[in-house]
Amino acid sequence: MKYGTQKFKDTIVMDFLVEDRYRFWRHCIFLIFFFVLVYNARFWHWYSGVYQYYVLLFVYTVLIGMIYINIYVLVPRFFFKTKYITYLLLLVLMGVAGLNMIGYSFKFFFEDFRVENIKKEGDRGSIYEGILMCIPIILTTTTVKLLQKWIHDTKRITELNNLTLQMELNELRNQINPHFLFNMLNNVKALTRTDPEKASVVIVKLSEFLRYQLYENGEEKTLLVSEIDFLSNFLNLEKIRRDHFYFDINADTDSRVVKSTFIAPNLFTTFVENAVKHSVDISSTESYVKIDIRVENKTLHFTCTNSVNPNLTISNANYGGLGLANIKRRLELLYGNAFELDIISGEKEYTVNLTTPV
């Protein structure tokens, strides 16, 4: 909660500096703050009567004008366009012109109203005081403009990266799903020739898959228990279609953790589909697929093991084809370097171990 509160405060500060809806209040706070600085200076106390406030208002207006010229003219037109030397020259010229205008105004318009006992201090003190006041304020406003530009650019880059990431994820998902459905339809086609009764059962089961794909798989996240049910239905369907095949899914579906854990849809589909496809043994011996799914310490552990024909060598490169290549890329996009994928190819078994954060 402490981290979330701090992050919330940081977001509020950033939004206040950048968002247009806070522009009026930003300027009000700055104008008041700068007025307080000028008010606490000494120069306007050198004059008598109401002319003190005329001098204060005049200097405040000139300095504010210089600051806003820097913010809205010099910085965007020269500094942001990497014309640094031109920016510095124009900034110095503006500073000299503005401070000289203040100095000449003191001499020609307000000299008669200066208090006698401090006339000897001359204009030099006021000029130095103006320089010391103006330089840090201008540098601060330039820094704020740089910060605003950096925040805007960072947000834009982040939005573009997120958009690109989402587009690539959708493209990979759109490739994986038809790939899986295509294999399922091929199975139905084979059954319609050999066992029409089983084919009708498969078609009913297939409708459940399509319902899952349409209504649950379209979301960014799905419940882990729903994904386990999906795999169970798929393997049951395969068991109907094939003789001498069995499967085992070891997952505590009654666990509160499993029921409350969300994962990316079809995270395991490609691995299980490949396991089923390559567990087929033409010698009609027993074949199997074993799946173990558990969640520990906010980490998901998935293991899929399938039997293989000892006389058939399957390399990692062609084991999954397009589907496995896509799922690897999808894992990189979803988790970066936070996932582990280990594929072990043995003489009698093929095992996939996947670990991801949840």
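**Buried contacts, aromatic pairs and a surface patch**

Asn70 sits in helix 3, the run covering residues 51-79. The model discussed here is a predicted one. In it, Asn70 is fully tucked away: its relative accessible area is 0%, so it counts as buried. Setting aside neighbours within four places in sequence, the residues in contact with Asn70 are Val75, Pro76, Tyr87, Leu91, Met94, Ile138, Thr141 and Thr142.

Just ahead of this helix, the picture changes to the surface. Val50 belongs to the loop that runs between helix 2 (23-39) and helix 3. With a relative accessible area of 45%, Val50 is partly exposed, because that value falls between the 20% and 50% cut-offs. Together with Tyr53 and Tyr54, Val50 makes up a nonpolar surface patch, and the accessible area of the three adds up to about 320 Å².

Aromatic rings turn up a good deal in what follows. The count of aromatic pairs comes to 13. One of them joins Phe79 and Tyr84, whose ring centres are 5.2 Å apart and whose planes meet at 70°, so this pair is edge-to-face. Tyr84 is partly exposed, as its relative accessible area is 43%. Phe268 and Phe302, on the other hand, form a stacked pair, with 4.2 Å from centre to centre and 10° between the planes. Phe268 comes from the loop between strand 3 (262-263) and helix 9 (269-278), while Phe302 is part of strand 5 (residues 299-307), so the pair ties together parts that lie 34 residues apart in sequence. Both partners are hidden from the surface: Phe268 is buried at 0% relative accessible area, and Phe302 counts as buried at 1%. There is also an aromatic cluster, made up of Phe30, Phe34, Phe35, Tyr39, Tyr60, Tyr68 and Tyr72.

Helix 7 offers a simple check on geometry. This helix takes in 18 residues, 224-241, and at 1.5 Å a residue these should span 26 Å; the end C-alpha atoms are 26 Å apart, so expectation and model agree. As for what helix 7 keeps out of reach of the probe, its buried residues are Leu224, Val225, Ser226, Glu227, Ile228, Phe230, Leu231, Phe234, Leu235, Leu237 and Glu238. An α-helix has 3.6 residues a turn, so residues three or four places apart point the same way. Among the buried residues of helix 7 are Phe230, Phe234 and Leu237, along with Leu231, Leu235 and Glu238.

Notes. Residues are numbered from 1 along each chain as its sequence is written. This is a predicted model: local features need pLDDT of at least 70, side-chain atom pairs count only at pLDDT 80 or more; totals for chains, interfaces and linings use all residues. Side-chain values use heavy atoms; hydrogens and water are left out. Helices (H or I, at least four residues) and strands (E, at least two) are DSSP runs, numbered from the N terminus. The expected span of a helix is 1.5 Å times one less than its number of residues. Buried means under 20% relative accessible area, exposed over 50%, partly exposed in between (1.4 Å probe, protein chains only). Contact means heavy atoms within 4.5 Å. Patches are made of residues with over 30% relative accessible area and no salt bridge: like charges are joined within 9 Å, nonpolar side chains (Val, Leu, Ile, Met, Phe, Trp, Tyr) within 5 Å. Accessible areas come from the Shrake-Rupley method with a 1.4 Å probe; for residues, only the protein chains shown count as cover. A salt bridge is a side-chain nitrogen of Lys or Arg within 4 Å of a carboxyl oxygen of Asp or Glu. Rings of Phe, Tyr and Trp (its six-membered ring) pair if their centres lie within 6.5 Å; planes under 30 degrees apart count as stacked, over 60 as edge-to-face and the rest as tilted.
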